[in-house]
Amino acid sequence: MSLLQSSHWPFLIDVYFFLGGLAGGAFVIATVANILNARRYRDVIRVGYYLSLAALIPCPLILIVDLGVPSRFLNMLMRFNIESPMSMGAWALLGFSACAFVAALLTFMEDIGRARDLSGPKLIVGVIGGAFGFFLAAYPGVLLGATARPLWIEGHALGAVFLAVGASTGAAAMALILMVVGRAADQVASVRTMTVAALVIQLIALAVFVGSVQSSGSVAATTALKLLTEGRFAALFWGGAIVVGSVLPLVLGVLDLRRRSFGLTAVTSLLVLVGGFLVKYVIMAAGQV
Amino acid sequence: MARTLAMFTDTSLCIGCRACQVACKQWNELGAEVPDWTGTYQNHTHFTDKTFRLVRFIEEPGGKPNGDLAWLLMSDVCKHCADAGCLNACPTGAIYRTEYGTVNINQDVCNGCRYCVSACPFGVVSFNEQTGTAKKCTFCNDRIHNGLGPACAKACPTESIQFGFRDELVAKAQKRVETLKAMGFKNAQLYGADSRGFLSGLNAFFLLMSKPAVYGLPDNPKLPQKNIVMDSLLSIGSALLVGIGALVAFRGRGNGKGV
């Protein structure tokens, strides 16, 4: 019998982890595109910055609503505690929000014709915001690792898993929007390549996580891991997060690199989004039981 | 900083009367709860937001020196760890260490994020739905600042719970273990007394009559924050890979028209 207690963070927090990761991933991808070729990837950059702001907006609201005393949400910003990933995450969310807002604003000013080319200022905001974006995508994993919950404390690389999922879901959402908007087929190809790369990293990070829990020698941790691999969450983990959500879109994505079909890209992107959410969902659910 | 205060719970003396549990409830005005049926006299299975002292009732087959079933009683409480996972985890600064070395939650600052609940290696911190804040043993902060010991220690009729300066209590506890070992209780051992041991020692430490695992206690509890450096490095590694992936994805299609 374990003495441990659980925070019982609800489903909404899974949604926050998903949206925060997606926002951070999309922002970083837009920034890299902006650095390499601002003119060629104009639509990628636009979609990336608009998307990251849109995905970010619900995030602070979700976090505030989840607090026991929502009116005290600002207490999170009264301390800078480097030992608490939650404290660092709150600051990163603040920093990223500012950057995401400015980046989207600059993009908007270009779009309405107020300025011809703002890729310079966007570059500065993009690099600073990109660092925050990476942090925002990864910190929930590090946060979970810094608890006493057996599955999370014994597993390493949760931050890496969350970051990779942020990148894959960010890229997939961008590809999907670019397809729907129906422009720039050549730009979509680059985003598709990005999705494939992120999926590979996601699978490697997941393997490292599962391997580290398995080899930890902790009975409580391996018992919790069994919930994922053969217990209550096995169908969602193997079927949802791994096969349908990671491996299948990886295969489809590799095929799509050659064929470039609209339908295939759309299906792949949707699978990546569902799979990325499920990865975070099952890790949260199995860790909190 | 004042001399570190401690509580020493000698489980060999516990008779399971639960006076400590009741005294704690009364002094801290914790109120009644719906009882759990645990199959033993123990109520509840876990610490709750209204139960800061909890007497555990444990049966260990073959636990006695003569091979009989041992009925182990243990009055459990917040350990007030010298390296406290909850305190490190707290993003608001609501959890703080007093000048006596005890760990407290400032109820006026806590905003109910519940991170400390998961971060406690002993499952002590609990969330109170009514106040929306985290709750745990305060080491009777009001009492110790007014020259009184904690209510539980005061109420204990067998001196199973002792209150005092940590160094003195540890010396006392070590002698007690030797006495019990001489009496044939081979598994008698201190838990958390060693300030060079896990979590840099517990300010509420225990004398156990069997292995920690029998009481459900972790043999070697780890500070949750020990993972942060490693996990952060792996995250940075993954970020570098994502960055390289992005460079490859967006450079390869430049058609020689790169900026």
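This section describes the fold of chain A, followed by the sheet and the domain arrangement of chain B, in a predicted model.

Chain A contains 11 helices and 0 strands. Its pattern along the sequence is accordingly written with helices throughout, as α-α-α-α-α-α-α-α-α-α-α. The radius of gyration of chain A is 19 Å, close to the 19 Å given by the globule rule for 289 residues, so the chain is as compact as a globular protein of that length. Taken along the principal axes, the box filled by the C-alpha atoms of chain A is roughly 65 × 50 × 25 Å. Burial was assessed over the 289 residues of chain A, of which 58% count as buried. Among the contacts in chain A with a separation of 6 or more, 75% are made by residues 24 or more positions apart.

Chain B holds an open sheet of 4 strands, arranged in the order 8-1-10-9 with mixed pairing. The edges of this sheet are formed by strand 8 (161-165) and strand 9 (189-191) of chain B, each of which pairs on one side only. From one strand to the next, the twist averages 25 degrees. At one edge, strand 9 of chain B runs antiparallel to strand 10 (residues 204-208) of chain B, and the two are joined by 3 bridges. Within this pairing, L190(B) has L207(B), in strand 10 of chain B, as its bridge partner.

The domain assignment divides chain B into domain 1, covering residues 5-222, and domain 2, covering residues 223-253. A distance of 41 Å separates the C-alpha centres of domain 1 of chain B and domain 2 of chain B. Contact between the two domains involves 8 residues of domain 1 of chain B and 4 residues of domain 2 of chain B. On the side of domain 1 of chain B that touches domain 2 of chain B, the largest share comes from helix 2 (residues 85-89) of chain B, which supplies 3 residues. By residue class, that side of domain 1 of chain B comprises 4 nonpolar, 2 polar and 2 charged residues.

Methods: Residues are numbered from 1 along each chain as its sequence is written. Chains are lettered from A and ligands numbered from 1 in the order in which they are written. This is a predicted model: local features need pLDDT of at least 70, side-chain atom pairs count only at pLDDT 80 or more; totals for chains, interfaces and linings use all residues. The radius of gyration is taken over C-alpha atoms; the globule rule is 2.2 Å times the number of residues to the power 0.38. A residue is buried if 20 or more other C-beta atoms lie within 10 Å of its own, exposed if 12 or fewer, and partly exposed in between; C-beta atoms are placed from the backbone. Two residues are in contact if their C-beta atoms, placed from the backbone, lie within 7 Å. Two strands pair if DSSP finds at least two bridges between them. Axes are lines fitted to C-alpha atoms, for helices over the stretch in contact, and angles run from 0 to 180 degrees between N-to-C directions. Domain bounds come from an automatic or database domain assignment. Ala, Val, Leu, Ile, Met, Phe, Trp, Tyr, Cys and Pro count as nonpolar, Asp, Glu, Lys and Arg as charged, and the others, Gly among them, as polar.
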